[in-house]
Each structure stands twice: as structure tokens, then as C-alpha cells.
Amino acid sequence: MKIESQIEKISSFQHLELLANQVVEGFISGMHKSPFHGFSAEFAEHKVYNSGESTKHIDWKLFAKTDRLYTKRFEEETNLRCHLIIDNSSSMHYPKLQDGQQFFESKIGFAVLASAVLMNLLKKQRDAVGLSVYSDSYEYYAPEKGSERHHRMLLNKLEQLLAEPKQSKNTDTVTFLHQIAEKMHRRSMIILFTDMFQPGNEEALLNALQHLKHNKHKVVLFHVIDNKTELSFDFDNTPRKFIDVESGEEVNLFADNIKEEYEKRAESYFKRLSLTCAQNRIKYVPVSAGKNFEKILTTYLVEKQMFG
């Protein structure tokens, strides 16, 4: 079952941890019928319970559904190290949410919930997770750990990103990706959530992404956008004032006058990003805010298996 189809049920939860767990549990329940059966050390495989075995690992939820006894089959702990990076610049706090919209329909809300979802899965698989947050400064850093206390601290930080009032903060992805790369000493999977709105030349940005790959790290770039307006430029044709939320620069125009040219340039930029990431063995995944939680989890599981 697609996670998006459960979004109404999911959105009734306000607490980030409960919501993340709901997304993961919905995903796991569908794994048994999918190509991802067997990926998880914690929950993917079962074997028939034999009389006389310990009852400690019987899956009682599965028993309730099937009326047959199965035990969870555990594999060795993987001890993966994963570092999550979130771009918290002002452009990530777009679009401005209307009454009735859920927090994860903005780019920052989506990045926060997706990070909490991955943390939930990492916790289930006994893996270590760290977190970096940047905008025009290096706002937060926590190294990879696996303890319950550490997990709680990171969740609190994620919730703060949603609670803090939006300020005019520029993006300095290049500077802070270099700084984060210098902190990553042990081989890790590095997962970056950003809208890739970075002033300056693209080559400098590519160099920063390449730096993240030193020491044989695996890098996954989730390019978070609002598909309707940032890719398709889907506005009605009334005169509008467009304001850059980071620089404050304003421009007045009719959307229809530039829609075709905008879409061409946006598509061209996305293609260049995809190509340069592929050439440098960086996993590039465009995702639209408010959707694609299933894509986040399947990408993670596939990349984790390849990471070894």
C-alpha cells in the first residue's frame, strides 16, 4: 500500500515521533509483498515456529492476522553509521502553509519528517545516526550515536526546526558541506536534504558534494522542491509580486509570460544536477514536499544494501 494513501490517517498525529513511526510501520507492513522483503535485519523475515523453541521472538501481530505462529528471524547487527544533513535556509521554509495544510507540505517540514522517519528505521536496525543543520551558519552538529538519549535529543532538535519562526537566512551550502565533510572521519552514509538554491557557481557546489564522498562515504542527495510552483511554475495569470525570501529582491510579472522559459531552465538545471551527481557516484533523488516518503525509505534501503 502506498504511504501517500494513508496520509489522512498519518496527519492526525501531531507529535513528530509518533508520526514518523506511523510512516515506518505503514511501509514495513507493505514490505512483505514487495521486492524489499528481506532487507531489514529487524523485521523483514520470518520462519515458522517449531514446538519447543523459545517464544521470545514470536510475531504476535502476524499471528493475529494469519492464525499461525511465526518467529522473527534476526540477522547480525549492521552497525551502519548515517549522518543526516538539513538545509534550514529561508527558501526551505517555502511554500507558506495555508490553514488546513500539514507541516510536511513545506520543504523544511518534509525534510524534518523524512529525517525523523529515517531515524526511526535506523533505531529499529540498531544503527548510529548523526545530524547537521546549516543555513547561513552551521547551526547544529551531533555525531553519530545509537543511544536512546541521543535519538531523543535529535528528535527535539528536529521539532525545534518546525517551531522556530522563519528568519531571513541565506544559503551557504558550499561552505558548510566542506565543514561537515571535515567532521566525517569514519565511513558513513551521508543523506542531504536541500532545495539546491545556492547562489554562485555550480562547480563550487559540486566540489563540496565531492568532498562529502572522501573516506569512501556514500552520499544520497534528496533534492526537495515544491513541484507545482518551483518546477512547473503553476500560477494563475494575475499580476504578482515575487519576493526572494533570502535576499528580499522583488520582481513584478505575469506568470504566463515566463512560464515556458522558466520550465525550460528549471528542467535544464535538474538534468545538470542529475548528470553531475551520476558522474560522481552520488545518488540524486528529486522529491516533492508533502509526498514521496515511500521513495525516501526505498532509496535508503537500496543504498544501504549497496553500501555494504
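**Notebook: a six-stranded sheet and its helices**

I began with the sheet: six strands make an open sheet with mixed pairing, ordered β5-β4-β3-β6-β7-β10. A reminder to myself is that this is a predicted model. I then looked for the edges and found β5 and β10 (283-288), each of which pairs on one side only. Direction ignored, neighbouring strands of this sheet are turned by 15 degrees against each other on average.

**Entry: the β5 edge**

In which sense do β4 and β5 pair? I found them antiparallel, with five bridges between strand β4 (residues 128-134) and strand β5 (residues 138-145). The two strands form a hairpin, and three residues lie between them. For one pair to click on, I noted that Val129 has Lys145 in β5 as its bridge partner.

**Entry: the β10 edge**

At this end I looked at strand β7 (residues 218-225), which runs parallel to β10 and is joined to it by six bridges. Here His223 stands opposite Pro286 in β10.

**Entry: helices on the sheet**

Next I asked which strands α5 and α6 touch. Helix α5 packs on the sheet against β3 (81-87), β4 and β5, and its direction makes about 155 degrees with that of β5. Helix α6 also packs on the sheet, touching β3, β4, β5 and β6 (189-194), and its direction makes about 25 degrees with that of β5.

**Entry: α4 with α5**

I moved on to helix α4 (residues 107-124), which packs with helix α5 (residues 148-163) at an angle of about 170 degrees, their axes 9 Å apart. That angle is why I can call α4 roughly antiparallel to α5. On the α4 side I listed Gly109, Val112, Ser115, Ala116, Met119, Asn120 and Lys123. From α5 come Glu148, His151, Leu154, Leu155, Leu158, Leu161 and Leu162. Sorted by class, the residues of this contact are eight nonpolar, four polar and two charged.

**Entry: α6 with α7**

Last pair: helix α6 (residues 173-183) and helix α7 (residues 202-212) pack at about 15 degrees, with axes 8 Å apart. The angle is under 35 degrees, so α6 counts as roughly parallel to α7. I also noted that α6 passes α7 in a left-handed crossing. The α6 residues in the contact are Thr173, Val174, Leu177, His178, Ile180, Ala181 and Glu182. Those of α7 are Ala204, Leu205, Asn207, Ala208, Leu209, His211 and Leu212. My tally for the contact of α6 with α7 has nine nonpolar, four polar and one charged.

Conventions
Residues are numbered from 1 along each chain as its sequence is written. This is a predicted model: local features need pLDDT of at least 70, side-chain atom pairs count only at pLDDT 80 or more; totals for chains, interfaces and linings use all residues. Side-chain values use heavy atoms; hydrogens and water are left out. Axes are lines fitted to C-alpha atoms, for helices over the stretch in contact, and angles run from 0 to 180 degrees between N-to-C directions. Helices (H or I, at least four residues) and strands (E, at least two) are DSSP runs, numbered from the N terminus. Angles under 35 degrees count as roughly parallel, over 145 as roughly antiparallel, 65 to 115 as roughly perpendicular and the rest as oblique. Contact means heavy atoms within 4.5 Å. Ala, Val, Leu, Ile, Met, Phe, Trp, Tyr, Cys and Pro count as nonpolar, Asp, Glu, Lys and Arg as charged, and the others, Gly among them, as polar. A crossing is left-handed if the near helix is turned anticlockwise from the far one by less than a right angle, and right-handed if clockwise. Two strands pair if DSSP finds at least two bridges between them.
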